[in-house]
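Visitor: I am new to protein structures and would like to go through one slowly. Could you show it to me before I ask anything?

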Amino acid sequence: MYKIMMRILISFFLALLLPSLIFSDPDSPVFNVLDYGAVGNGYNDSTSAFNLTWAAACTSSSSSPTMYVPSDNTFLLHPLMLRGPCLSPDITIVINGTIIPPYRGWRWRWIDTHCIKWICIKNVNGLSVRGSGRIIYGEPPEWWEVQDRMRPTSLMPLPKIIATQVFEIAHSKNISLSGLKFMDSHNTSVHLNNVTSARIFNITIAESSYNADGIHVSGSKDVTIDHCRIATVGDCISIVDGSFNLKISNIVCGTGGGISVGKLGSTGNIENIVVSDVVFINTRNGAQIKTMGKVSKGHVRNINFERILLQDSRNRISINQFYCGYERCSEHKSDVQVSDITFREIFGTCKGESAVQLVCRTSLHSRI
């Protein structure tokens, strides 16, 4: 009995001591947003506290500082820009809590004259963003009810949130993003913008009623996206101008436009893309290549789709060199060259009139 009690006591004190041991490493200091004034009640603005916490972590001379967003808290943030470069070659942001934007009836505080991003991390190399937390762009119904009770009825409703990217990492190298859940995104949930050497894995993007993309990659190279669950109305993953050497695998994609390799009409190029081991469930498209049907140049080449399973998708394979989106561009010609495209081991069911849609310009001598 004595030995059992001693083991229990030792285990108890080790449990108390362990957090302090973890957070007391001088080479791995932890900067908790609560220590810099953040209030995790979902109502008070924590934007300044997040900025202060980031400034402390980014200017730390230790080898691997961490900015920490604790669990069991909900933090309200206006548009947030976390800038580098940082002193440490490796810096981590751990998000275990929930992050939400201002409620209806609050005005956003713009970072500049216009706001197209909600949370942006820029010019930070050696960055790891991870955790078990949630980033919720819309306002869940249970919070609407609380907020409606708190505000005067005479207030007129303000315009909807208009940021086009919910979470962006820009102009950075050696990036990792994992574990987080993005919910109710009105627009693009995750944007990699001019990033080199990045991995996105084990993230979840929950379904939204808006025509929003899940993960958007532009001007980036050496990117891996794997083991993600994405349910969107727009493209699950979209890859556009200036992107090279991407590997996308082990993705479950539901309800949206599939995985799209395409152009927005500029002169950039896209090449060396491998998409494999993907499941599409009730999507408009599966494996899709689209280039703008207006004046545009460049090339899309060496694109490989393999081991793809589709369930009740409208178009299993789609190549469209006259894609216009919401623009009127059908009268213009596209000079984007599409070549070296491979579709291999594509299985499943299609509920559209045709499983394959090819709309190509024959004058481009595209090789498929």
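**Contacts, core and backbone**

Guide: This is a predicted model. Counting contacts in the protein chain between residues at least 6 apart in sequence, the share that joins residues at least 24 apart is 77%.

Visitor: How many helices and how many strands does the protein chain have?

Guide: Both kinds of element occur in the protein chain. The counts are three helices and 25 strands.

Visitor: What is the mean pLDDT of the protein chain?

Guide: Of the residues in the protein chain, 69% reach a pLDDT of 70 or more, and the mean is 79. Over residues 140–161 the pLDDT is below 50, and this stretch has 25 contacts beyond near neighbours in sequence. Where pLDDT is low, the coordinates should not be read in detail. For the protein chain, then, the mean to quote is 79.

Visitor: Which helix gives the most residues to the largest nonpolar core?

Guide: The largest nonpolar core has 75 residues, and Phe50, Ile215 and Ile225 touch the most other members. At least three residues of this core come from each of domain 1 (28–141 + 162–234) and domain 2 (239–367). With six residues, the helix that gives the most is helix 2 (residues 47–58).

Visitor: Which residues is Ile225 in contact with, leaving aside its neighbours within four places in sequence?

Guide: Ile225 is one of the three residues that touch the most other members of the core. Its contacts, with those neighbours left aside, are Ile200, Ile215, Val217, Ile237, Lys247, Ile248, Ser249 and Ile251.

Visitor: Is Asp72 buried or exposed?

Guide: Asp72 sits in the loop between strand 3 (66–69) and strand 4 (74–76). Its phi is positive, about 60 degrees, although Asp72 is not a glycine. Most residues other than glycine have a negative phi. The relative accessible area of Asp72 is 78%, and the cut-off for this class is over 50%, so Asp72 is exposed.

Visitor: What is the relative accessibility of Asn245?

Guide: Asn245 also has a positive phi, near 55 degrees, and is a residue other than glycine. Asn245 lies in strand 18 (residues 243–254). Asn245 counts as partly exposed because its relative accessibility is 34%.

Visitor: Which residue does a cis peptide bond join to Gly84?

Guide: Most peptide bonds are trans. Here omega is about 5 degrees, and the bond is cis. The partner lies in the loop between strand 5 (80–83) and strand 6 (91–95). The residue joined to Gly84 is Pro85.

Note on methods:
Residues numbered from 1 in each chain as written. Predicted model: local features only at pLDDT ≥ 70, side-chain atom pairs only at ≥ 80, totals over all residues. Heavy atoms only, no water. pLDDT = per-residue confidence, 0-100. Contact = heavy atoms within 4.5 Å. Helix = DSSP H or I, 4+ residues; strand = E, 2+ residues; numbered from the N terminus. Buried < 20%, exposed > 50% of the residue type's maximum accessible area, 1.4 Å probe, protein only. Core = buried A, V, L, I, M, F, W, Y, C linked by side-chain atoms within 4.5 Å. Domains from an automatic or database assignment.
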